[in-house]
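Let's take a friendly look at aromatic rings and how they meet one another. Have the sequence and the structure at hand as you read.

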Amino acid sequence: ALLSAYSTLRGFNFVLRLSPFTFRMMCSELASGKTSALIDEVHMQLLKTLQCFPPMSLREDPQDEPGAVLHKDDQGPYWVQKEVQELCMEDKWRFLDQLSWPDFLRRYLKARGHLKHGGVDICAWLAENEWVKMPMAGKIGALQFLCDELLCSPLVKNLIDDREALMSTCIEQETQEVTERKRLIDKRNA
């Protein structure tokens, strides 16, 4: 789960405005039990991105998902959970910083209904305790959940679609070049 989260963070570090960091750095910072600028920045940027581009509903038909509302932004209209839409529209997001992000995380996880991971009730823990003292299973679970949410956001979905289209074009061009070279070699040998 942690390697998956790291891959997502590194794969979309330009979207999240994160400087490159190693897997070892991330692991040691998570396990340190101390406040970490890296972990603070990762969570703040994930939450800011999800606030601007809430994850899309996984269902095509909003009638299948109770409480889905139509969200409109520069990525186009799409369906999101009502609770997430309301949370993302709150004016309090301007106060998101290195000290307040655990509370924003708790509220976001609660709105999404993701309360527990690895036997740890993350929302209850964050309501009463500090993030740095949370068991590793909870820290990893929360980080993995935010990374999964990022992958469901329209911003990242569009980037993935663009990358796939570019790869298809490159593969098609390479195939044409190989076919042409093979034709020329066959013509020369004939």
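Trp93 counts as buried in this predicted model, because its relative accessibility is 8%, and buried means under 20%. Its ring pairs with the ring of Phe104: the two centres are 5.0 Å apart and the planes stand at 45 degrees, so this pair is tilted. Along the chain, the partners are eleven residues apart, with Trp93 in the loop between helix H5 (82-89) and helix H6 (101-112), and Phe104 in helix H6 itself. Phe104 is buried too, with a relative accessible area of 5%. Phe104 also has a charged neighbour: the charged end of Arg107 sits over its ring, 5.7 Å from the centre.

How many aromatic pairs does the structure hold? There are five. Another of them joins Tyr6 and Phe21, whose ring centres lie 5.7 Å apart; their planes are at 75 degrees, so the pair is edge-to-face. This pair links distant parts of the chain, 15 residues apart: Tyr6 belongs to helix H1 (residues 2-11), while Phe21 is in the loop between helix H2 (13-16) and helix H3 (23-31). Ring pairs also bring in Phe23, which forms a cluster with Tyr6 and Phe21.

Here are the accessibility values for the residues of these two pairs.

| Residue | Relative accessible area | Class |
|---|---|---|
| Tyr6 | 13% | buried |
| Phe21 | 4% | buried |
| Trp93 | 8% | buried |
| Phe104 | 5% | buried |

Notes: Residues numbered from 1 in each chain as written. Predicted model: local features only at pLDDT ≥ 70, side-chain atom pairs only at ≥ 80, totals over all residues. Heavy atoms only, no water. Phe/Tyr/Trp six-rings, centres within 6.5 Å; stacked < 30°, edge-to-face > 60°. Helix = DSSP H or I, 4+ residues; strand = E, 2+ residues; numbered from the N terminus. Buried < 20%, exposed > 50% of the residue type's maximum accessible area, 1.4 Å probe, protein only. Lys NZ or Arg CZ within 6 Å of the ring centre and 35° of its normal.
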